[in-house]
Amino acid sequence: MAKAEQSPTEPGGLPVRVDSWLWATRFFKRRSEATQACKAGHVKVGDKTAKASQHVVPGQRITLWGQNRHVELEVMATVSKRVGPKVARVCYVDLTPRERGLDSYVQLPKRDRGAGKPTARERREINRLKGRE
């Protein structure tokens with residue numbers, strides 16, 4: 001009797017490449033972007049930096065950061081093909097602490113477009129704000 005195989009779009013427990021899983025669960029628009037994030041060292045499985053070819057299984061923790069985001073996840077199910085948002089949400093639990101969200105980062109004030117070159121006084125204030133003085 002043959003062993004039952006998991007459908008690529010049905011959540012299950014078979015090992016799947018980490019770049020494929022991140023793409024399938026909609027953390028990246030393209031699989032190549034997920035691969036590049038792994039190569040750049042922006043993905044950790046457990047406490048070790050993950051290569052794109054590393055396999056993940058349910059129960060493992062994934063940390064993902066870069067481009068103004070920091071996400072901590074626990075894998076609940078694996079899929080190897082891209083799925084809809086409802087199915088993707090079943091595949092992980094978001095463990096990201098709330099205080100690490102984008103709201104906690106200090107936003108520096110920006111000059112209005114077309115405001116021209118800052119005056120000497122404004123430049124000193126900007127330097128003081130950025131800690132250059």
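**Exercise 1. Trace the sheet, starting from Lys44.**

Which residue is the bridge partner of Lys44 in β5?

*Solution.*
Step 1. Lys44 has Thr63 as its bridge partner in β5. The model is predicted: local features need pLDDT of at least 70, side-chain atom pairs count only at pLDDT 80 or more, and totals for chains, interfaces and linings use all residues. Residues are numbered from 1 along each chain as its sequence is written, and side-chain values use heavy atoms, with hydrogens and water left out.

Step 2. Go from the residue pair to the strands. Helices (H or I, at least four residues) and strands (E, at least two) are DSSP runs, numbered from the N terminus. Two strands pair if DSSP finds at least two bridges between them. β2 and β5 are joined by three bridges in the antiparallel sense.

Step 3. Now take the next pair. β5 and β6 run antiparallel, with five bridges. Here Trp65 sits opposite His70 in β6.

Step 4. Assemble the sheet. Five strands make an open sheet, ordered β3-β2-β5-β6-β7, with antiparallel pairing. β3 (48–49) and β7 (92–94) are at the edges; each has a single partner strand, so one side of each lacks a neighbour in the sheet.

**Exercise 2. Describe the largest nonpolar core.**

Which residues of this core touch the most other members?

*Solution.*
Step 1. Fix the terms. Buried means under 20% relative accessible area, exposed means over 50%, and partly exposed lies in between (1.4 Å probe, protein chains only). A nonpolar core is a set of buried Ala, Val, Leu, Ile, Met, Phe, Trp, Tyr and Cys residues joined through side-chain atoms within 4.5 Å.

Step 2. The largest core has 26 residues, and Val18, Trp21, Leu22, Phe27, Val43 and Ile62 touch the most other members. Two or more residues come from each of α1 (18–24), α2 (31–39), β2 (43–45), β5 (61–65) and β6 (70–75). The most come from α1, which gives four.

Step 3. Zoom in on Ile62. Contact means heavy atoms within 4.5 Å. Neighbours within four places in sequence aside, Ile62 contacts Val18, Trp21, Val43, Lys44, Val45, Val56, Val71, Glu72, Leu73 and Val75.

Step 4. Set this against the general trend. In soluble globular proteins, nonpolar side chains tend to be buried together.

**Exercise 3. Find the buried face of α2.**

Which residues of α2 are buried?

*Solution.*
Step 1. The buried residues of α2 are Ala34, Thr35, Ala37 and Cys38. They span an arc of only 160° around the axis, which puts them on the same side of α2. The arc is that of the directions from the helix axis to the C-beta atoms.

Step 2. These buried residues pack against α1 and β2.

Step 3. Contrast Arg31, also in α2. Arg31 is partly exposed, because its relative accessibility is 35%. Leaving aside neighbours within four places in sequence, Arg31 contacts Arg17, Asp19, Ser20 and Trp23.

Step 4. Look past the end. Gly41 follows α2 and has a positive phi, near 85°.

**Exercise 4. Sort four residues by exposure.**

Thr78, Lys86, Cys38 and Cys91: buried or exposed?

*Solution.*
Step 1. Thr78 lies in the loop between β6 and α3. Thr78 is buried, at 0% relative accessible area. Its side chain reaches the backbone oxygen of Leu14 at 2.7 Å.

Step 2. Lys86 belongs to helix α3 (residues 85–90). Lys86 is exposed, with 76% relative accessible area. Its C-alpha is 9.6 Å from that of Thr25, 61 residues apart along the chain.

Step 3. Cys38 is buried at 4%, and Cys91 is buried at 0%. The structure has zero disulfides, where a disulfide is a pair of cysteine sulfur atoms within 2.5 Å.

**Exercise 5. Examine the backbone at Arg26.**

What is the sign of phi at Arg26?

*Solution.*
Step 1. Arg26 has a positive phi of about 70°, although it is not a glycine. Most residues other than glycine have a negative phi.

Step 2. Place the residue. Arg26 is in the loop between α1 and α2. Arg26 counts as partly exposed, at 40% relative accessibility.

Key: A polar contact is a pair of N or O atoms within 3.5 Å; within protein, one must be able to donate a hydrogen and the other to accept it, and residues adjacent in sequence count only if both atoms are side-chain atoms.
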